[in-house]
Amino acid sequence: MIVWTLFLLAVVFILALDLGVFNKTPHIISTKEASKWTLIWVTLSFLFSGVIYWLYTTDYIENPDGLKPAVASMKFITGYLIELSLSVDNIFVIAIIFASFKIPQKYQHRVLFWGILGAIVFRGLMIFFGVMLINKFAWTTYIFGIFLIFTAVKMLFSGEEEDFHPKDSFVYKALGKIIPITSHMEHEKFFILTEKGKKAATPLFVALIVIEVMDVLFAVDSVPAILAITKDPFLVFSSNIFAILGLRSMYFFLANMLAKFSYLEYSLVAILAFVGLKMLLHDWIHVPEWASLGFIALSLLVGILVSLKFGKEKVLTDSDLDQH
């Protein structure tokens, strides 16, 4: 538990630095700043794979699957790449939510910051129960595998999906029955007092709740996907956390360029289908860890390169998002 405690404390320390020092004053995150932080998070994530290697040469961390240090590091990187790639759809939905509730750019970082805290808790619970199910009921591996392949096929043949309208969602309507919702905003406050003296939720809080719920729905895909790579709780959790921590900077980096990465969707289909088949065939076919990592990395690389060459030239603007 020492390693788990230190890891969680490090995450809390990083988040405290983020909100209390680096982003103490609300401001618009420029593409340059977002690209810098995206690079920092990706670098830290790959450096942490070295920490994983060291941990699994010691007795400081429980190693239920008896993983060798090099294999544990590769599983961490593979899981991290899966979570990062599956975040692309999440980013597009977040952009639509912000546009729908007209959240000023300088306050978007604050909403995403608090969204991360909720995501860590919900992901942790889903990982805990997912690992418990697989360890207790081995046949659930096949259920997860079938689900991932179904998701991949649905993604491949869905074509143009229906527009997502946050204000028409069940979450928005249910929240309105619990607490009054106002369209008025006072700086970065989540709640304000109305003229009648009643507390009301601002668009910032509403956007936060909708984003939290959407993250849980996206986790339904991503958690089983990483469980296909490893059932080691620490590897699953840490790779998820690093992907979540880097999600904000990646959002500000990619939000205005999402249309150019239209072919990345096919990379996600290939990755989901691969991990789903790996789960279904694990009793008969053993896929080396380097092969899994190589396939996922190659899928992402091809998707990015093809998107940059043939993707739409049009960028995603605020007016485009408002149409949703």
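How many salt bridges does the count come to in this structure? The model is a predicted one, and the count comes to two salt bridges, which make a convenient place to begin.

Select arginine 123 together with glutamate 83, whose side chains meet in a salt bridge with an N to O distance of 3.4 Å. This pair links distant parts of the chain, since arginine 123 lies in helix α4 (residues 105-136) and glutamate 83 in helix α3 (residues 69-100), 40 residues apart. Both arginine 123 and glutamate 83 are buried.

Keep arginine 123 selected and add aspartate 215, and the other bridge comes into view, with the side chains of aspartate 215 and arginine 123 meeting at 3.0 Å, N to O. Here too distant parts of the chain are linked, aspartate 215 belonging to helix α7 and arginine 123 to helix α4, 92 residues apart. Aspartate 215, like arginine 123, is buried. Through shared partners, the salt bridges join Glu83, Arg123 and Asp215 into one network.

Next, display helix α7 in full (residues 203-227) alongside helix α6 (residues 170-178); their axes come within 10 Å and cross at roughly 130°. Because angles from 115 to 145 degrees fall outside the parallel, antiparallel and perpendicular ranges, α6 counts as oblique to α7. The crossing of the two helices is right-handed.

To see what makes the contact, select Val171, Tyr172 and Leu175 on α6, and then Phe205, Val206, Ile209, Val210 and Val213 on α7. The residues of this contact divide into eight nonpolar, no polar and no charged.

Definitions and conventions: Residues numbered from 1 in each chain as written. Predicted model: local features only at pLDDT ≥ 70, side-chain atom pairs only at ≥ 80, totals over all residues. Heavy atoms only, no water. Axes fitted to C-alpha atoms, helices over the stretch in contact; angles between N-to-C directions. Helix = DSSP H or I, 4+ residues; strand = E, 2+ residues; numbered from the N terminus. Parallel < 35°, antiparallel > 145°, perpendicular 65-115°, else oblique. Left-handed = near helix turned anticlockwise from the far one by under 90°. Contact = heavy atoms within 4.5 Å. Nonpolar A, V, L, I, M, F, W, Y, C, P; charged D, E, K, R; others polar. Salt bridge = Lys/Arg side-chain N within 4 Å of Asp/Glu carboxyl O. Buried < 20%, exposed > 50% of the residue type's maximum accessible area, 1.4 Å probe, protein only.
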